[in-house]
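Colleague: I'm new to this one, so could you pick a single part and take me through it closely? I'd like to know how that part connects to the rest.

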Amino acid sequence: MELFKVTLSLIVIASLSATLSSAHPGFNFGWGGHGGSSGWSFSLFPEFYQFSCPQANDIVMSVLERAIANEPRMAASLLRLHFHDCFVQGCDASVLLDDSATIVSEKNSGPNKNSLRGFEVIDEIKGKLEEACPQIVSCADILALAARGSTILSGGPNWELPLGRRDSKTASLTTSNTNIPPPNSTLQNLVTLFKRQGLDEVDLVALSGGHTIGMARCVTFKQRLYNQNGNNQPDQTLDKGYYYNLKSVCPKSGGDNNISPLDFASPAKFDNTYFKLILWGKGLLTSDEVLFTGSAVTTMQLVKRYAEDESLFFDQFAKSMVKMGNISPLTGFKGEVRKNCRRVD
């Protein structure tokens, strides 16, 4: 009798799983751990779209190749989008939502306004995925795929990317203003904000290495040039030659939207030059340079090690990107898969 009950239970579970997989292609059950009272557990895994949309990554890469060929800076912008998404409500594509009757957009937060870019590229990717596999691939997964693809196309590492995130129906302007590290962060502030997301000092230094590509606006480093400590003096950790070069780009008054490369030696190439520049006092942002000058032995040693060994940096960057991409994802029955990344369905 007991054997009959067990067999019947397994048949019911298998039937339920098959029904859900049919209704939601790409939807799978994970077993064990963190299942709550129901016993169900949903986890991210690389093969999530293997049957429901096997061409998903190829579609993402084809759009990225054209976008980055037209504007190499776009790679860094898309990498940053994923970062600014995950640090707010977890990796749920909340950053992509526009203002509406029910949404106050994160695009208007201090770290994002007039600064975050790449939304049109995400729109194009989503449009092509909707043509190929309607309502299958989430906007949150598109952000994760675009971040990886942008890294690869810039010469950086590849990694096995867990998928299966779903999209939030909410956004948080307040959390966007408080959780994303500002460019003038002290080292302690950076460590605190990363720790809040379950990321440690190794993740902090490795993920900061994403600044090996891309540009920053004058307004984000002006304080370092003219009034770093409230005494109308420049940041003393800045290399003098680099300081004078930056002054020519970023005047004391005006010019806030003038841009300068985060890694002036190879701004479009994903490499470890960023860390070498920090060692030489040529990190652009306060939040870059404090990784070496912030009197924390751990971060200082990591900057030195990544400057010496690019493959070590690449390996840890990939691991930390996976870890960041796993911050509080919506899975299973939570959230939705948006048809349009800019608005809830």
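**Two helices and their surroundings**

Modeller: Let's start where helix α13 (residues 297–308) packs with helix α14 (residues 310–325): their axes are 5 Å apart, and the angle is about 115°. (Axes are lines fitted to C-alpha atoms, for helices over the stretch in contact, and the angle between N-to-C directions runs from 0 to 180 degrees.) Keep in mind that this is a predicted model: local features need pLDDT of at least 70 and side-chain atom pairs count only at pLDDT 80 or more, while totals for chains, interfaces and linings use all residues. Residues are numbered from 1 along each chain as its sequence is written, and side-chain values use heavy atoms, with hydrogens and water left out.

On the α13 side, look for Arg305, Tyr306 and Glu308. They meet Glu310, Leu312, Phe313 and Gln316 of α14. (Contact means heavy atoms within 4.5 Å.) These two belong to a set of 14 helices, and the protein also has 4 strands. (Both are DSSP runs numbered from the N terminus: helices are H or I with at least four residues, strands E with at least two.)

From α13 you can step across to helix α7 (residues 187–196), since α13 is among the elements that cover the buried residues of α7. That cover also includes α3, α6 (173–179), α8 (201–208) and α12 (286–293). Which residues of α7 are buried? They are Leu187, Leu190, Val191, Leu193 and Phe194. (Buried means under 20% relative accessible area, exposed over 50%, and partly exposed in between, with a 1.4 Å probe and protein chains only.) Just follow the chain on from α7 and you come to Gly198, whose phi is positive, near 80°.

Helix α8, part of that cover, holds Ser208. Ser208 counts as buried because its relative accessibility is 12%. Leaving out neighbours within four places in sequence, Ser208 is in contact with Asp203, Tyr274 and Leu291. Ser208 and Ser287 are 79 residues apart along the chain, yet 8.6 Å separates their C-alpha atoms.

Leu291 turns up again in the largest nonpolar core, which has 76 residues. It is one of those with the most contacts inside that core, along with Leu64, Leu81, Leu96, Ile122, Leu129 and Met324. (A nonpolar core is a set of buried Ala, Val, Leu, Ile, Met, Phe, Trp, Tyr and Cys residues joined through side-chain atoms within 4.5 Å.) Helix α3 (residues 74–89) gives the most to this core: 10 residues. To see one core residue in detail, click on Leu129. Not counting residues up to four places away in sequence, Leu129 touches Cys53, Ala56, Ile59, Val60, Pro134, Val137 and Ile142. Another core, of 13 residues, lies apart from the largest one, and Cys218, Phe221, Cys250 and Leu262 are among its members.

Now for the loops. The one between α3 and α4 (119–132) is where you'll find Ala93. Phi of Ala93 is positive, near 65°, in a residue other than glycine. Asn114 is found in the loop between α3 and α4 too, and Asn114, although not a glycine, has a positive phi of about 60°. Are these two buried or exposed? Ala93 is buried, with a relative accessible area of 0%, whereas Asn114 is exposed at 64%.

Over by α12, Gly283 sits in the loop between α11 (273–279) and α12. Gly283 is buried, with a relative accessible area of 3%. Leaving aside residues up to four places away in sequence, Gly283 touches Arg224, Leu238, Tyr242, Leu277, Ile278, Asp288 and Glu289. Take Leu238 from that list: Leu238 and Gly283 are 45 residues apart along the chain, and their C-alpha atoms are separated by 7.8 Å.

Finally, zoom out. Of the 345 residues in the protein, 50% are buried. Among contacts between residues at least 6 apart in sequence, 73% join residues at least 24 apart.
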